[in-house]
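Biologist: Could you walk me through this model? I have not looked at it before.

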Amino acid sequence: ENRRELPGSEIAAYATVSFLYALGQSLYDMFQSQQVKESTAWLGARLAAPAYAVSVSAYPLAKAVSSPYVGYLSDRVGRREVLAATLALTGLCLRACGEASSFAGVLASRLATGCVANGGLLTARATDIAADHGQRTRLFSVFTTAW
């Protein structure tokens, strides 16, 4: 059997990218409720909870809609290139989320973040670089641990 081992640098790079994707989302999620609370104060207490639910739901909704398009793009351009671009864009979008001072800004930034933050590319990348099921399992466990 001609089985090639994954280089440690490949595993380290994969783990780093997985961790950065997870870290960005986790850090923002910690502060989102207070940000939405402050930006929706004018709505009153009765509408603050639904506004928060909308802001939280914006991210996975945009992610679900954009994932097939990002996947198509990664098939055409290459996973590494699209991963690098989406990681950089995710950082910019999360910064915009953090700097948003209105509910509309939070919502728009959250939608934009969902459009570019596609961790699904990481699982596709693991499939691309792994030579067998054991290596894919190892990379998927790194991805899961990062999240």
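**Cysteines, helices and contacts**

Modeller: Let me begin with C115, which is partly exposed, with a relative accessible area of 35%. Buried means under 20% relative accessible area, exposed over 50%, and partly exposed lies in between (1.4 Å probe, protein chains only).

Biologist: What sort of model is it, and how are residues numbered?

Modeller: The model is predicted, and local features need pLDDT of at least 70, side-chain atom pairs count only at pLDDT 80 or more, and totals for chains, interfaces and linings use all residues. Residues are numbered from 1 along each chain as its sequence is written, and side-chain values use heavy atoms, leaving out hydrogens and water.

Biologist: Back to C115: why is its sulfur not in a bond with the one in C93?

Modeller: The sulfur of C93 is the closest cysteine sulfur to that of C115, but at 8.1 Å it is too far for a bond. A disulfide is a pair of cysteine sulfur atoms within 2.5 Å.

Biologist: And how far is the sulfur of C97 from the closest cysteine sulfur?

Modeller: That distance is 6.9 Å, again to C93, and again too far for a bond. C97 is buried, at 0% relative accessible area. The structure holds zero disulfides.

Biologist: Changing topic, how many helices and strands are there?

Modeller: The protein chain has six helices and zero strands. Both are DSSP runs numbered from the N terminus: helices are H or I with at least four residues, strands E with at least two. Of the 147 residues in the chain, 38% count as buried.

Biologist: Does α2 run straight or bend, and where?

Modeller: Helix α2 bends by about 45° at S66, and the proline P68 follows within four residues. The bend at a residue is the angle between axes fitted to the seven residues ending there and the seven starting there. The 33 residues of α2 (residues 45-77) should span 48 Å at 1.5 Å a residue, and the end C-alpha atoms are 47 Å apart, which agrees. The expected span is 1.5 Å times one less than the number of residues.

Biologist: Which residues of α2 are buried?

Modeller: Among them are A51, S55, A58, Y59 and A62, and S66, the site of the bend, also belongs to the list. Just after α2, G78 takes a positive phi of about 125°.

Biologist: How many salt bridges does a search of the whole structure find?

Modeller: It finds two. A salt bridge is a side-chain nitrogen of Lys or Arg within 4 Å of a carboxyl oxygen of Asp or Glu. One joins the side chains of D75 and R79 (2.8 Å, N to O), and R79 counts as buried at 18% relative accessibility. E99 forms a salt bridge with R95, with the closest N and O atoms 2.9 Å apart.

Biologist: Where do E99 and R95 lie, and are they buried or exposed?

Modeller: Both lie in helix α3 (residues 79-99), four residues apart, about one turn of the helix. Both E99 and R95 are exposed.

Biologist: One last topic: what is the place of I11, and how far is its C-alpha from that of L139?

Modeller: I11 is in helix α1, and it is buried, with a relative accessible area of 13%. The C-alpha atoms of I11 and L139 are separated by 7.2 Å, although the two are 128 residues apart along the chain. L20 also lies in α1 (residues 8-39), but L20 is partly exposed, at 39% relative accessible area.
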